[in-house]
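Welcome! Have the sequence and the 3D view ready, and work through the exercises below at your own pace.

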Amino acid sequence: MGGPGVAAAPAFGGRLAIEAEGLEKTFTKKRSIREIVKRPFGPAEPIHALRGVDLSMREGEIFALLGPNGAGKTTLLKILSCLVLPDRGHARIAGIDTLEENRVKPLLGLVHSDERSFYWRLSARDNLRFFARLYDVPSRRIETRIEELLRRVDMLDAADRPFADYSSGMKQRIAIARALLHDPPILLMDEPTKSLDPASSLALRSFILDELSRRDGKTILLATHNLREAEALADQLAILVAGRVRQRGTVAEVRRHGIDRPRYRIELNASADPLVGPFRVESDQAADGRRIAVVLLDEGASWEAMVRALLDARLTVQSCDSMELDLEEAFSRIVAAERVGP
């Protein structure tokens, strides 16, 4: 990508592309009219969006930020994109503090699902012309750049229709084209597949992985609720709960969170209750108890010892396979642990 008149993406040389250290942000909850009338001088309720967030990612990575509603994902992206100032802590983009807005913004492209940021009566092409000027794309380059991006996001044929007439998927493709106008090396994407149908979501994920990451080498920070999306795209991920990073690592590392013993799915010829052996039944997956999930109790316990215990109980093993660790289960465990307390 790029070309004459568009600033070339700076080479980070393998260094950190995004850094956050001790980020904290508190908002004041808006009071309803009823609350104001009942308690006109009552104290405002604080909302702690971020509570000491530390995060880092290197150039060329796709990093997924997961968390339930209200976890602080959007607030973190707004701080990184210079839209919100932190109360405490620091954030840097390519080594530049986000307080230096004029230096940071050319390095960033922000993709979010807020369609209100576009002018609905204008066409996609006219919207992109407007934003290209805001992003300081040189005048001689604007038209060819817009044409190039419309082709890349497969919107060339519909480019002159009013934005209001587009489907959610088409609007999201225009949002990506807008973020790419000035060819930034880093993309911040806030729930890019929100409200999209499965086919549109799959197409957009393929575009992010194949075009933006592999072809263009973009560094991408992706905030999402979609665990399947995170598994498909992310090199690294972090789970944010109640404003704190509770777990981070590769998908495989996060999957293993809280699991320190092998698990197996076994189908038997009879009910498995009661069972005695070097394992415990973690869950029955059938009403008759014949299909069970088991976990080895002792780190030194072997597969052979488990089978021997089953045979001693006069049970026949009809099938057995190792259970894949599940990101959804790990996510649920981490969120549940936060609700119980640190």
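How many salt bridges does a search of the whole structure find? The search finds 22 salt bridges, a salt bridge being a side-chain nitrogen of Lys or Arg within 4 Å of a carboxyl oxygen of Asp or Glu.

Before you go on, note that this is a predicted model, where local features need pLDDT of at least 70, side-chain atom pairs count only at pLDDT 80 or more, and totals for chains, interfaces and linings use all residues. Residues are numbered from 1 along each chain as its sequence is written, and side-chain values use heavy atoms, with hydrogens and water left out.

**Exercise 1.** Find the partner strand of strand 6 and describe the pairing.

*Solution.*
- Step 1: Go to residues 108–112, which make up strand 6; strands (E, at least two residues) and helices (H or I, at least four) are DSSP runs, numbered from the N terminus.
- Step 2: Strand 7, residues 186–190, pairs with strand 6 in the parallel sense over 5 bridges; pairing requires that DSSP finds at least two bridges between two strands.
- Step 3: For one such bridge, look at G109, whose partner in strand 7 is L187.
- Step 4: Check the cover: 4 of the 5 residues of strand 6 are buried. Buried means under 20% relative accessible area, exposed over 50%, and partly exposed in between (1.4 Å probe, protein chains only).

**Exercise 2.** Locate the salt bridge between R129 and D126 and say how accessible each residue is.

*Solution.*
- Step 1: Both residues sit in helix 4, 3 residues apart, or about one turn of the helix.
- Step 2: Their side chains meet at 2.6 Å, N to O.
- Step 3: R129 is partly exposed because its relative accessible area is 26%. D126, at 31%, is partly exposed too.

**Exercise 3.** Work out which parts of the chain the salt bridge between R173 and D154 links.

*Solution.*
- Step 1: The side chains of R173 and D154 meet at 3.9 Å, N to O.
- Step 2: This pair links distant parts of the chain, with R173 in helix 6 (residues 168–179) and D154 in the loop between helix 5 (139–152) and helix 6, 19 residues apart.
- Step 3: D154 has 61% relative accessibility, so D154 counts as exposed, whereas R173 is partly exposed at 27%.

**Exercise 4.** Trace the network of salt bridges that includes R141.

*Solution.*
- Step 1: Begin with R141 and E148, whose side chains meet in a salt bridge of 3.0 Å, N to O.
- Step 2: R141 counts as buried because its relative accessibility is 9%.
- Step 3: Now add the other members: R141, R145, E148, D183 and K218 are linked in this network.
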